[in-house]
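User: Got a minute to go through a fold with me? I'd like to start with the sheet and then look at some helices and odd loop residues.

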Amino acid sequence: MSEEIVKYEFKHGLPIEFEIVDITELYRDKREMIIRPHRTGFYHIIWIQKGGTTHIIDFQSVTAPANTILFLNKDIVQMFNPEPFQGQAILFTEAFFSKSDTDIKFLKENVLFNDLFSISKLELDSAGVSFEVLLTLMQEEALKAEDAYQSGILKNFLHSFLLLAERERRKNGFLEVKKGADKDYIILFRDLLEGNFKHQKQVNFYASKLSVTEKRLNQATSKILGKTVKQVIDERVMLEAKRLLAHTTDSIKEVGFTLGFEEPTNFIKYFKKHNSSTPFEFRENFL
C-alpha cells in the first residue's frame with residue numbers, strides 16, 4: 001500500500017489544459033506512477049489501438065481489447081495494467097472544455113463520462129476512421145504555436161469527437177436514462193453528494209439543498225437507480241472507505257474520521273453493516 005492515494009493535477013506549464021499523450025511514451029516515462037492507484041483532476045479519453053488491456057477503476061476490472069476507447073471521469077481511482085499497450089490518451093480539464101454554461105451541462109450530463117451504471121467504453125468498427133481524422137486534427141493543432149484561436153479550435157475538435165462517440169455508443173445499445181425531472185434531480189443530487197458525503201449522510205440535508213421533499217428525491221433515485229437516496233449516500237461513503245482502506249496506510253480510526261465518524265466504533269459498525277466485514281477484515285482480504 002502507498003501512504004495515500006496520490007492525486008495528479010494537470011501538467012504545470014502547458015499554455016492550455018489539453019494534451020494528447022502517446023501511451024508507449026507514458027509507460028516509458030511514468031510507468032511506476034500509472035500502475036499504482038491514483039486520482040486525476042482531469043478527464044481521460046484512452047484509445048487502446050493495439051494490444052488490448054485491463055484497466056482497474058474503483059475495484060472494477062474493465063477489459064478493453066484493441067481498438068477500444070475508454071472515457072474516464074475526473075477524480076476516479078484508477079490503475080493502468082502493468083503490461084503496456086499501444087494507443088493515445090486525450091487529457092483535458094473541465095476549465096479547458098467549459099467555455100459556457102452549455103459546455104458545463106454537456107460534461108455533467110453526457111453518457112460518456114456520466115454513465116450511471118457502468119464505465120463507458122466504445123469498441124470501434126467502421127466509424128473508427130472518423131475518430132482517427134479528429135484525433136489527427138487535434139494532434140496537428142496542438143503542435144502549432146499558441147495563438148488566440150488554438151484553444152477554441154481544439155475544444156471544438158474535442159466536442160465533435162465526444163458527440164461522435166455518443167452517437168456510436170447509442171448505436172451499440174446501453175441502458176440510457178430518459179431525459180426528464182427524475183434525471184435532472186439525480187444529476188444535481190450526485191454533484192451535491194460528491195462535495196458533502198464525508199460529513200452529511202442524512203437524506204433531509206440533500207432534499208433541502210435541492211428544494212424538494214425527501215419523498216420526491218426518493219422517487220427519482222428509485223425510478224432511475226433502483227435505490228433509495230440513503231442507499232446512494234451509503235454506497236458513496238463505502239466506496240471512499242474502501243479506497244482509503246485498500247490504497248492508504250491510514251489507521252481505521254483515521255479513515256473513519258476522514259469520513260465524518262468521530263468514534264471508531266461507529267465507523268466499524270457502519271462499515272460492517274454495509275459490507276458484512278469489518279474495515280480490518282476488508283483491508284486484510286484486499287492485500
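Analyst: Sure, here is a walk through the sheet, some helices and a few single residues.

Analyst: Before we start: this is a predicted model, where local features need pLDDT of at least 70, side-chain atom pairs count only at pLDDT 80 or more, and totals for chains, interfaces and linings use all residues. Residues are numbered from 1 along each chain as its sequence is written, and side-chain values use heavy atoms, with hydrogens and water left out.

User: Fine. In what order do the strands of the open sheet come?

Analyst: The order is S2-S9-S4-S7-S10, five strands with antiparallel pairing. The edge strands, each pairing on one side only, are S2 (18-22) and S10. From one strand to the next the twist averages 15°. Strands here are DSSP E runs of at least two residues, helices are H or I runs of at least four, and both are numbered from the N terminus; two strands pair if DSSP finds at least two bridges between them.

User: And which helix packs on the sheet?

Analyst: That's H5 (residues 150-172), which touches S2, S4, S7, S9 (86-92) and S10. Its direction makes about 80° with that of S10. Contact means heavy atoms within 4.5 Å; axes are lines fitted to C-alpha atoms, for helices over the stretch in contact, and angles run from 0 to 180 degrees between N-to-C directions.

User: How many bridges join S4 to S7?

Analyst: Five, with S4 (residues 43-50) running antiparallel to S7. Trp47 sits opposite Ile69 of S7. S7 also pairs with S10 (residues 120-123), antiparallel over four bridges. There, Thr68 stands opposite Glu123, and Leu70 has Lys121 as its bridge partner.

User: How many of S7's residues are buried?

Analyst: Five of its five, taking buried as under 20% relative accessible area, exposed as over 50% and partly exposed as in between (1.4 Å probe, protein chains only). Thr68, Leu70 and Leu72 point one way, Ile69 and Phe71 the other. In a regular strand the side chains alternate between the two faces of the sheet.

User: Switching to H6. What does its buried side pack against?

Analyst: Its buried residues pack against H3 (101-109), H7 (203-209), H8 (214-225) and H9 (229-247). Those buried residues are Asp182, Lys183, Ile186, Ile187, Phe189, Leu192 and Leu193.

User: How far does H6 reach from first C-alpha to last?

Analyst: It reaches 22 Å over 16 residues (181-196), close to the 22 Å expected at 1.5 Å a residue. The expected span is 1.5 Å times one less than the number of residues.

User: What about Glu141, buried or exposed?

Analyst: Buried, with a relative accessible area of 8%. Glu141 lies in H4 (residues 128-143). Leaving out residues up to four places away in sequence, Glu141 touches Gln150, Ile153, Leu154 and Phe157.

User: Now the loops. What is phi of Asp58?

Analyst: Near 50°, a positive value in a residue other than glycine. Asp58 is in the loop between S5 (53-57) and S6 (60-64), and counts as buried because its relative accessible area is 19%.

User: And where is Asp75?

Analyst: In the loop between S7 (68-72) and S8 (78-79). Phi of Asp75 is near 75°, again positive in a residue other than glycine. At 25% relative accessibility, Asp75 is partly exposed.
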